[in-house]
Every structure is written in C-alpha cells, then in structure tokens.
Amino acid sequence: EKHISIQRHLADLEKLADLKEDEKKPCPLCPEEKYKACYSHKLHRHLQNLHWKVSVEFEGYRMCICHLPCRPVKPNFIGNQTFSKMGAHYHCIVCSATITRRTDMISHINRHVNKGETESRFIIVPAPMSSHEVLKESATEVRVLPNYSTPQKSDSYFNPKMKLNRQLIFCALAVLAEERKPIECLDAFGATGIMGLQWAKHLRSSVKVTINDCNENSVTMIQENCHLNKMKVKLNAKKEDNDEAMGDGEENTDTIEVTKMDANVIMHLRSFDFIHLDPFGTSVNYLDSAFCNVRNFGIVSLTSTDISSLYAKAQHVALRHYGCNIVRTEYYKELAARIVIAAVTRAAARCNKGIEVLLSVALEHFVLVVVRVLRGPSPADDSAKKIRYLIHCQWCEERIFQKEGNMVEENPYQQLPCDCHGSMPGKTAVVLGPLWSGALFNTGFLRRMFFEAAHYGLDEAQSLLKTLVCEAECTTLKPYSIYSSYDENKQEECGVYIKTPNTSAESLLIHGKRKSEEVVQNAGKRQKSENSAEHPAFYYNIHRHSIKGMNMPKLNKFLSYLCEAGYRVSRTHFDPMGVRTNAPLAQFKTILMKYSAPTYTGGQAEGPLHLAEGVQAGEQVEVAADSKAEDDAESVEYDKSKVAATTLVKACPTYCAAN
C-alpha cells in the first residue's frame, strides 16, 4: 500500500485527520512532540500550508512532506544526553525510497520516468512496452529507453551518431565471413544489442553471434530486441529459449547467444574469431583478455571514445592510460590512431601474437582500429619493432620517426629535415610517443570492405571507404576499379596469408592450428616487400602552411602540382584540408608558394595596398597581373627557403604601390 503521505486530494489528507469542529486532532504526518493536537480550522491550515503546498506531484498523486520517524536519523550525543532531530522527508510513490529535499525528490521521480519505471514499489523487471521507443537502423529494430541519448549509470546507451562506426565494423566482419564459415563473433559490450543483431540478421548462418553485457537491465533489453527481430535467444549456452520466432510463415533458425558477465571473463573463458570492444572511454583495460584467446588470423576491432585524451586535450590522461607523451599538433587525429595501435601491439605481443593493421579511422566522436591477429613470436617481434618515438618540431611542425637502434645520438635534431634548431634559439623539438610507425591501412582488405558495403547498401560507409582506398594507395585517382579488382583481391591474400602452389587459402584458415614455418617466413617476406609501398606517415594541412597575403590554389589542383613534381600524394579522411604526401615540408611550402597568387583585398602582412580613388577596375586587374608575373620571376631566382617566401610577400605591395 502507498504511504499515508501520498494522496490525490487535500480532502483525502483531511480525512486521515478525521477533522471535527469541537475536538482537537493531531496531524497524521507529524509526531506529537513536533505538532500538538489542535482544532479543525488550525489543523486545516497546517495541512494545507506545511504539507500540501510543498508536495511533489506525479500522475495525479501528491507526495506530501512527512515528519514521522520513518527515516532513521543519526543521533547526536552531547554529554550524557542524546538529541535526535526528526528529519522531514518524502516517500517515493515508485520505489518507496525516502528523500529529504524537494528538488532531489523531483530529480528522483524524473529518473524513474526516463527509465520507464512508473509502477508502485518498482523492482528490476522489464519496463512496459509503451515506455520504450523503437528505432530502426539497417533493417534492424531495437527498443530503447526514453533517455537512450543521456542515460544513467544503470541504463543502456544507444548513440545514433555511431552509425558509421557500426557499418564499418559490419563490413570488416562480412569480409572475414567470406574467408571462413562459420565464425564465432563477440560483441563484448552489447548495450541494446544493435550491433550483434545486425550481424546475425544480415550474415545469417555465416556467423555465430554472442552478445555480452554485465548490466542486468541491458541483458533484458537485448533479449527483448532479439524477439523483436524474430531471433531465438540462447542464455549462457545452457538453456535455449523455446519461443519460436516466425517470419513469413516459416521458422527462423537464427540464434543469438546472450551472456551476462564481465567482458574480461568471457574473453578468457572462450575463443572467438572476431571480437569487438566498445566500452565507455578507453579500451586498454580489455586488450590483454581480447588477445588471450582470439584465434589465429582472427580480427579484433576496438572503438575508443576517450577523445579528450587521444586528441591531446587531456595529455595527462593519455600518459596514464596509454603511457604516451603527446602534444596538440596539426595531425592530432592520426596521432590518436597511432597511439591506440601502439597499445594494441603491446597487448598482442605480451600474448606472443603480432598484428596487421587493416583499418584505422579517427573522426569527431571515436577512434576505430581493426587489426588481424598473427600468432607466433616472430610476428610479435616484427610488430613490436614498429613502435617508435616521433620527433616533432614545434616551430614548423615537421616530424619524423626516430631511427631504429638503442644507441644515443649526440644531436637528435639532425634527424629532422628542417633547420629550425639552427635558426631559432632554445629547444625547438619534442619527442612524442611511443607510437605505431607502420601502415594504417590494408588496401586489399579495404577494397573488399567497399564491395561488402555496396552489396548491403551501406551508403555512408561507401563514401568513406573510397577515400580510405585512395589514402592507402596514396593516389588521387578515384577508385573506379574497385568492383573489377574485387575478384582479384578476393583470391589474393591481403599481406597476411601466403598462398603456395600446394596450399589453399582455406587450408591456411583452419581454426586454432599453428601454421608451418614456411608460411610464417613467407608472410614475413611479403610484409617486408609491402613496407616499401606503404603510404607516407602523417599529412600536412594546406591552411596551416599557407602564406599570408597569398591566395592558395584549389586543393585538387595543388595535389596535381605535387604529382607533377614527382611526389606521392593523396587526400586524407583525418582532415578535409589535409594532404598526405612523401614530400618534405620545405618542398611542400615551395610548391604551395609557387602556385599561390598575391591578394591585395586586405590581410597583408605589412603595408596594405592603397590605390588612388580614380583607378578603374581594369587598371586594378592589370596591376595584379604585373605583380604576379614579377612574383614568378623572383621565385625562380631565390632559394627555396623561408627567406624567399618572406621577401616575396614584402616585395609585392611595394611594387604595386610604385606602379
């Protein structure tokens, strides 16, 4: 029954007091030592002003303030006397909790509403269906709570902005499903179960999906969403749900296993071919467990959402979680991806496993890394050798990985291509890392991912994968041949497996068996041959290195100018105005300056141009053309250095003013 302080009308509260005009009655919500018995007119004002007006309303009921000794109060001992002050409080109509403050009571009720908990004395049971909102993504429906975008600690989280992330992971799993069937895949942090449901619904018998979560409410919601999508549910691999999901008049045999345990525990107990980690924040706490039992040539994908530390906004947190020293740079997103891959490499090496990076994406909300696992100490050693420190110049933002070796150099600044240390006072460079220095993409795997994205109609993933293929090949050509080259890439190995005349790809993918020494050696040779064709590390932002007072060329034209100069060049998904190239920064600036036109509409470094009032528009164009011709002549005479750029900018206004 509800507490007596919870009533619908003031008259109901007065009935509890049994008001009579000629008799004194006590207050039903106050003890006698606090409020003595009084006549009806005085008690009526007391109930109205001190209980009813400060009540909290919920679905037609009023939770009035109560002064009865319902809530235990800690006594105060002073000398030999004990004082116990009666505390005013509210009784929750939903869970019967006692809350002292009115504002806290309102917040408490709002939390119940957001969770869909509106029944009296609520116990952990599935909320009514009417309180759930049904969302649809990629032909998969999930029920979510009303507060799915801003959940409490015990609620399930569903982020619509991570749709692209889920599509990329699905494409990676679809590629792996083409290599071997069936594969066991794990969604270690299920939440609403949307990702595992998409795997099972589209890939069907090719995958055996396990969705795990340590929260009981989330596990209950995952089971409901499985039934909503007409999937069978297997609980803890022991008892199977007997409810048969019917679709189009026939039984659907797809089964999803739902488990409730810690992610580290399930990855220690069982082996999987595909593991995805998407915890709240960093995923470094789960890497050791993920690589402990993952099968050979399996795939581990992880999504890191602790972008404040990875993007150098909280540098002390990055040092604590990843053991990496970083600063904010123009290429901070790629730096974040290399930090995560370095942590993954160290975790895999501790389990005598190496990795091959298949995909790494860093966008606004997350950093996604997909790696393939190579079992054995030799791949582990080869991967560990690719973790190096980075020397970064804080003046011009030139950067280079430190050379291999343990010997201490007398002057580390000599490794940098720039001469800022000689021309600037003090220390000009910092050491960042340790970071992953290898490739961030596998071109063959990306092409196959693009084919799967086109096959399943994932438009958002297709546009990004096109950019990633060009970035992996470091070319500006559009990937028009992705469809035609898919069959070739499907037959070839993506730098991980090596096919010999007597060895098929299927025989190399037998679960849990170690490969022969010949295959491992061939894999190492293949990786060494591919290292020469790796895409250049990092990129330059064209706006960051533009010259003040000069109009830059269009980005696509500038890419063609770099290609004509003999450099590899491509755009990058990390930065819309970024250019990935193997050209040194000095050459990058020289070519950018050569094809930049001066502007006199404002923003000059010094001495803005003042034309006479009588100058016509045609004369202005003529002056600009003359100045551009002189600029081209001077750029040939001067050396390709910072002095040339500065002198040219200063010379332009003087020449134009003289004419």
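Mentor: Let's start with a yardstick: a residue is buried when its relative accessible area is under 20%, exposed when it is over 50%, and partly exposed in between (1.4 Å probe, protein chains only). What you see is a predicted model, where local features need pLDDT of at least 70, side-chain atom pairs count only at pLDDT 80 or more, and totals for chains, interfaces and linings use all residues. Residues are numbered from 1 along each chain as its sequence is written, and side-chain values use heavy atoms, with hydrogens and water left out.

Trainee: OK, let me try it. Why is asparagine 229 called buried?

Mentor: Its relative accessible area is 6%, and the bar for buried is under 20%, so asparagine 229 passes.

Trainee: And where does asparagine 229 sit?

Mentor: In the loop between helix H6 (216-228) and strand E12 (232-235). Those labels come from DSSP runs, numbered from the N terminus: helices are H or I with at least four residues, strands are E with at least two. By that count the chain has 22 helices and 28 strands.

Trainee: What makes the link from the side chain of asparagine 229 to glutamate 141 a polar contact?

Mentor: The side chain reaches the backbone oxygen of glutamate 141 at 2.5 Å. A polar contact is a pair of N or O atoms within 3.5 Å; within protein, one must be able to donate a hydrogen and the other to accept it, and residues adjacent in sequence count only if both atoms are side-chain atoms. So 2.5 Å fits the distance limit.

Trainee: Which residues is asparagine 229 in contact with, leaving aside neighbours within four places in sequence?

Mentor: Thr140, Glu141, Leu197 and Lys201. Contact here just means heavy atoms within 4.5 Å.

Trainee: Now strand E12. Why does lysine 234 count as partly exposed?

Mentor: Lysine 234, which lies in E12, has 29% relative accessibility. That falls between the two cut-offs, so the middle label applies. Its C-alpha is 8.5 Å from that of threonine 259, although 25 residues separate the two in sequence.

Trainee: What puts histidine 51 in the buried class?

Mentor: A relative accessibility of 0%, so the buried label fits. Histidine 51 belongs to helix H2 (residues 40-52). A polar atom of its side chain lies 2.9 Å from the backbone oxygen of isoleucine 65. Beyond residues up to four places away, it touches eight named partners, among them Cys27, Cys30, His46 and Cys64.

Trainee: And why is glycine 354 called buried?

Mentor: Glycine 354 also comes out at 0%, so it counts as buried. It sits in strand E19, and its C-alpha is 6.0 Å from that of valine 373, 19 residues along the chain. Its contacts include Arg372, Leu374 and Pro379.

Trainee: What stands out about phi of asparagine 352?

Mentor: It is near 55°, a positive value in a residue other than glycine. Asparagine 352 lies in the loop between helix H11 (332-350) and strand E19 (353-362). At 47% relative accessible area, it counts as partly exposed, because exposed takes over 50%.

Trainee: Why is alanine 191 called buried?

Mentor: Alanine 191 has 17% relative accessibility, so it counts as buried. Its phi is positive too, near 60°.

Trainee: Which residues are closest to the centre of the largest pocket?

Mentor: Of the 36 that line it, Tyr157, Ala191, Asp278, Pro279 and Phe280. Its volume is about 980 Å³.

Trainee: What makes something a pocket?

Mentor: On a 1 Å grid over the protein atoms alone, a pocket is an open set of points with protein on both sides within 12 Å along at least five of seven lines, whereas in a cavity a 1.4 Å probe fits but cannot get out; lining residues have an atom within 4 Å of a point. Points are joined across faces, edges and corners, and the volume is the space filled by probe spheres set on them.

Trainee: How does the lining of the largest pocket divide by class?

Mentor: It has 16 nonpolar, 13 polar and seven charged residues. Nonpolar covers Ala, Val, Leu, Ile, Met, Phe, Trp, Tyr, Cys and Pro; charged covers Asp, Glu, Lys and Arg; the others, Gly among them, are polar.

Trainee: Where is there a cis peptide bond with omega of about -15°?

Mentor: Between lysine 181 and proline 182. Another joins glycine 433 and proline 434, with omega about 10°.
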